[in-house]
Amino acid sequence: MSDVSVSLNKTAGVPDIAGGMASPGDFLALLKPRVMSLVIFTALVGLVRAPDHVHPVIAFTALLCIAVGAGAAGALNMWWDADIDAIMSRTARRPIPAGRITPGECLAFGLTLACFSVGVLGLLVNVLSAALLAFTIFFYVVIYTMWLKRSTPQNIVIGGASGAFPPMVAWAAASGSLSLEPILLVAIIFFWTPPHFWALALYRADDYARAGVPMLPVTAGGDETRRQILLYTLFLVPLAISPALIGYAGIAYAVVSTVTGAGMLWLAINVYRKRTGNDAVRAARKLFGFSILYLFLLFATLLVEAVIPGV
């Protein structure tokens, strides 16, 4: 296993600008809207699956705070990672490396949103959900972004927990407590994250290597990454079916999770088998794209079953 240097100058490659060049779209980009949309969706499922009825105003407030908290974490991530974002082709056009927003502006923006989201959730909903949201932001920014991302190839495995927490935060907002079901939802997202991101990392390995980020394909190579993707998928698929097996989900979810799980497993096997050339890149891209659809369909089915009883 090769060593990857992760000692990066936090200001290298980041434009020194006076600020004031940003548009509203630039500040929206700091929130990572694609990630935020997934957070809102999985949180909505946690909210409607909770056993207690929640007032629509409280539900809206909870979802808004969770969304803003996710955006705050994204902005703080971009603030800390501005140096490597400037190096990687996938992220070079982000507002800070592109010179449209200063790191200081991004830091202030992120901290303001974080305090707002946690404070409002605690005051208007309940303390448990606010504490969980605060921990989620802390975990993503400090544990994942500042520590794990540049220090270990297991960064996505451990750090992925932060992206898995929103359904649990929403469940706590609706019920004021926790149970096995939201923990199971968290576990599904947690074990989905490594095969999802490692598939991306397989065909972006040069980008990560150039930036000094020790993603698994960089430190352990493509073959080991493919093996890990397959192992995690083998664990993920039955885990994702389990809500139907233990009575937390219905027939529709059982069918969807089984069929899409078979597709996920087949694509993971395809990635494991195809290791060179364009075939390997296409296999990794297909798995990455399908993994997004897979998670969406799982949670969409849970949502439909909650909204339309008997489906």
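**Helix packing and nonpolar cores in a predicted model**

Trainee: In this predicted model, which helix holds Val304?
Mentor: Val304 falls within the stretch of residues 277-307. That stretch is helix 14.

Trainee: Is Val304 buried, partly exposed or exposed?
Mentor: The relative accessibility of Val304 is 37%. Buried means under 20% and exposed means over 50%, with partly exposed in between. Val304 therefore counts as partly exposed.

Trainee: How far apart in space are Val304 and Leu121?
Mentor: In sequence, 183 residues separate Val304 and Leu121. Taken from C-alpha to C-alpha, their distance in space is 26 Å.

Trainee: Which helix gives the largest share of the largest nonpolar core?
Mentor: The largest nonpolar core has 93 residues, and Leu121, Ile188, Trp198, Tyr208, Tyr253, Tyr294 and Phe299 touch the most other members. The largest share of this core is 13 residues, and the helix they come from is helix 9.

Trainee: How many residues does the other core have, the one with Leu30 and Ala75?
Mentor: That core lies apart from the largest one. Its members include Leu30, Ala75, Met78 and Ile101, and its size is 7 residues.

Trainee: How are helix 8 and helix 9 oriented to each other, roughly parallel or roughly antiparallel?
Mentor: Helix 8 (residues 166-175) and helix 9 (residues 180-203) pack at about 160 degrees, with axes 8 Å apart. Angles over 145 degrees count as roughly antiparallel. The two helices are therefore roughly antiparallel.

Trainee: Which residues of helix 8 meet helix 9?
Mentor: On the helix 9 side, the contact involves Glu181, Pro182, Leu185, Val186 and Ile189. From helix 8 come Pro167, Met168 and Trp171.

Definitions and conventions
Residues are numbered from 1 along each chain as its sequence is written. This is a predicted model: local features need pLDDT of at least 70, side-chain atom pairs count only at pLDDT 80 or more; totals for chains, interfaces and linings use all residues. Side-chain values use heavy atoms; hydrogens and water are left out. Axes are lines fitted to C-alpha atoms, for helices over the stretch in contact, and angles run from 0 to 180 degrees between N-to-C directions. Helices (H or I, at least four residues) and strands (E, at least two) are DSSP runs, numbered from the N terminus. Angles under 35 degrees count as roughly parallel, over 145 as roughly antiparallel, 65 to 115 as roughly perpendicular and the rest as oblique. Contact means heavy atoms within 4.5 Å. Buried means under 20% relative accessible area, exposed over 50%, partly exposed in between (1.4 Å probe, protein chains only). A nonpolar core is a set of buried Ala, Val, Leu, Ile, Met, Phe, Trp, Tyr and Cys residues joined through side-chain atoms within 4.5 Å.
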